[in-house]
Amino acid sequence: MTERMTNQEIVKVLKEAEAAMEVKGANRFRIRAYQNAINAIETSTFSVYDLWKSGRVSEIPGVGASLTQHINDLLKEGSVKEFENLRKDLPDGMFELIGIQGIGAKRAHKLASAFELDDREAALEKVAEAAEKGKIQDIPGFGEKTQAQILEAITELKKTKNEKPRLLWAQAETIAERVYKYAKELPEIQKIEALGSYRRKKETVGDLDFAVATEDPEKVMQHLLDFPEIVEVLVEGDKKASVVIGNEFQLDFRVVSPDQYGSMVQYFTGSKYHNIVLRSFALDKGYSLSEYGIKESKSKKLHEFAEEADFYKFLDLDIVPPEIRQGKNEVDLAANGNLPKLIQLSDIKGDLHMHTNFSDGTNTLEEMVQACRDKGYDYMGIADHAPSVESRGYAAVQKIITSTRENFNEIDSKYNDIKVLYGYEVNLLADASISLPDEFLEQLDFVIVGLHTAFSQDRKQLMKRYMTAIEHPLVDIIAHPTARLINERDAVDVNWMDLFDAVKKHDKILEINSYPDRLDLPFDLVFEARERGIKLIINTDAHSTGHLDLMRFGVSVARRGWCEAADVLNTQSKDAFLKNLQKFA
Ligand code: DGT
Ligand code: CA
Ligand code: CA
């Protein structure tokens, strides 16, 4: 048995094999099949390794019998004989160049042959040097423009190698808002919008890509470059600028005439994967797509679009919500009028995970209830951290629960516009027990469990802990299931498919936690859980009344997981919702 391989490592091997096939002139359809499979693995965060271990590799979309066999060999033996044979007489250095913008497999091969790139380590440096010296433009199939492009791409790549952390979506939002405000100062800016991962509501954002519509590009460009937060200008062109602001965050601006704004918005919203699928869909209809519009392949006539919606309409597509532009089957669904009707913030009727000053929250029960009433919620649940029997003693905890129950009953009957539920957030302890005895859990309206310690235990023990919660008849909700903290702590190492199977079997609810650095379940797991019909709830985990506004971030995650309102429990009416909790079932 070889070591565990990440999806990324597997993708790397497959990409190199695919490149070798291309150079060797393999069958076009076979290459296409590989590309599809690679795409599927790249966009999935289910571990292929896990799938393989449970004999389910062939369930990955696009992975057929022969690729299943290859993946099996790779994960079992550490290598694939056929791949080794394919690349035997190819210069090793070419594989280091694959994936660099402007360099496909054949170009990589040409460069590697021209500059004798036998050493992978030195390959990038050698190509950059050759480009700087103007030696690439003379190779057949390359030109001055390509040479410059390659140099730029390698420089870019080097930069990303000393990776900056990506900003949380919520942080990027504050920057985008500041740019919008500054842009408003100039009346010549007719429209401006941040696109890319930001518009797709990805949980982290690498840089912000703005499209700006104007009739006066020169004046607008000058204004943008005068944005006071800029500390460095990386690229300064007539229509394009890249700048760095104070916190080392990059902003890209693309200035465009209002007639072409819609096309620009479509292109730079991405994702890359969505655009690839869209391009091939358009190609079949005789069109080619770019940031400037839609071109008829035959007549070369260019259709321009001021509005993005018209761009999709021209292709006979419903407009795809940015959150699901993922390169799955959204284009087909858009063609057939079958896009999901994604959940919206206004669908939310309650929130079941919030804290008061009983534990680590800042507001009182009364204040939290008022805030939820202000939101128009029909039901709410307080889930303070449960009092500890160890530190307070059994009798004291019972006393607390008795008096807290009275408080809740009182406030619940005081307001007939909102149902106020009494719950606790209890810990899933390292030894796989739950931090509050059953006879206390029984007295609550609902129970949330969460992992708060011992995150790096092995899979077996972690699963044992989760199973304690999943099999427990009094547990309702598993909070922030992966326990990740974005940019800080990885998701715990669990076989999510096994866990989902168990959750489904025992009819438990998985939380989508709305905290900007949690957003947990992550969207890709939301997608899988939803496909399996698992019950989901979007909670804020509010520690103050202001935090109740975090709900919109959780809704974004649900949307990226393709959820409709019906897929999320807290869109249901009070009566329907309560039936999903053990106590009211
Ligand atoms: P980020 O910035 O890393 O969070 O992710 P994005 O998605 O914002 O990526 P970015 O900033 O590199 O590019 C913005 C969008 O522009 C991207 O979502 C799609 C489009 N785009 C950029 N470069 C390419 C490309 O080489 N091919 C295609 N098809 N689209 C691209
Ligand atoms: Ca971006
Ligand atoms: Ca960018």
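Leaving out neighbours within four places in sequence, Thr404 is in contact with Tyr422 and Tyr424. This threonine sits in helix α19, which runs over residues 394-414. Thr404 counts as buried because its relative accessibility is 13%, and the cut-off for that label is under 20%. All of this is read from a predicted model, so the numbers below are computed from predicted coordinates.

Zooming out, the chain holds 25 helices and 17 strands. Its C-alpha trace spans about 85 × 65 × 45 Å along the principal axes. How does the radius of gyration compare with that of a compact globule? For 585 residues the globule value would be near 25 Å, and the chain comes in at 27 Å, which agrees. Buried residues account for 51% of the 585. As for contacts with a separation of 6 or more, 68% of them join residues 24 or more positions apart.

The surface and the charges can be put just as briefly. About 27,100 Å² of the chain is accessible, and carbon and sulfur atoms supply 48% of that area. On the charge side, there are 76 positive and 97 negative side chains, with the centres of the two sets 4 Å apart.

Next comes the metal site. Which residues hand donors to the calcium ion listed as ligand 3? The protein donors are Asp207 (OD), appearing twice, plus Asp209 (OD) and Asp252 (OD), and they lie 2.1 to 2.7 Å from the ion. Along the chain, these donors follow the spacing D-x1-D-x42-D. The pair Asp207 and Asp252 links distant parts of the chain, 45 residues apart: Asp207 is in the loop between β3 (204-205) and β4 (208-213), while Asp252 is in strand β7, residues 250-256. Asp207 also does double duty, bridging the calcium ion (ligand 3) and the calcium ion (ligand 2), which lie 3.8 Å apart. Is Asp252 buried or exposed? With a relative accessible area of 8%, Asp252 is buried; the area counts protein chains only as cover.

Right beside that aspartate in the numbering is Phe253, also found in strand β7. Phe253 has a relative accessibility of 1% and therefore counts as buried. Setting aside residues up to four places away in sequence, Phe253 touches Val179, Phe210, Val212, Leu224, Lys239, Lys240, Ala241 and Val243. One of these partners, Leu224, is 29 residues from Phe253 along the chain, and the two C-alpha atoms are separated by 8.1 Å.

A few spots in the backbone deserve a look. Most residues other than glycine have a negative phi, and most peptide bonds are trans. Against that background, the peptide bond from Gly270 to Ser271 is cis, with omega near -5°. Ser271 belongs to the loop between α13 (261-269) and α14 (272-284). Another cis bond runs from Asp520 to Leu521, where omega is near 10°. Leu521 is likewise a loop residue, placed between β16 (509-513) and α23 (523-531).

Positive phi values turn up as well. Lys201 has phi near 60°, a positive value in a residue other than glycine. This lysine lies in the loop between α11 (196-199) and β3, and at 26% relative accessibility Lys201 counts as partly exposed. Asn487 has a phi near 70°, again positive in a residue other than glycine. The loop that holds Asn487 runs between β15 (477-478) and α22 (496-506). Where does Asn487 fall on the scale, buried or exposed? Its relative accessibility is 51%, so Asn487 counts as exposed, the cut-off being over 50%.

Last up is Glu84, whose place is in helix α5, residues 81-87. Glu84 is partly exposed because its relative accessible area is 43%. From Glu84 to Thr146 there are 62 residues along the chain, and the C-alpha atoms of the two are separated by 30 Å.

Technical notes: Residues numbered from 1 in each chain as written. Chains lettered and ligands numbered in written order. Predicted model: local features only at pLDDT ≥ 70, side-chain atom pairs only at ≥ 80, totals over all residues. Heavy atoms only, no water. Helix = DSSP H or I, 4+ residues; strand = E, 2+ residues; numbered from the N terminus. Rg over C-alpha atoms; globule rule 2.2 N^0.38 Å. Buried < 20%, exposed > 50% of the residue type's maximum accessible area, 1.4 Å probe, protein only. Contact = heavy atoms within 4.5 Å. Areas by Shrake-Rupley, 256 points an atom, 1.4 Å probe, with all protein chains shown as cover. Lys, Arg positive; Asp, Glu negative; His and termini not counted. Charge placed at Lys NZ, Arg CZ, Asp CG, Glu CD. Donors = N, O, S within 2.8 Å, 3.2 Å for Na, K, Ca; no water.
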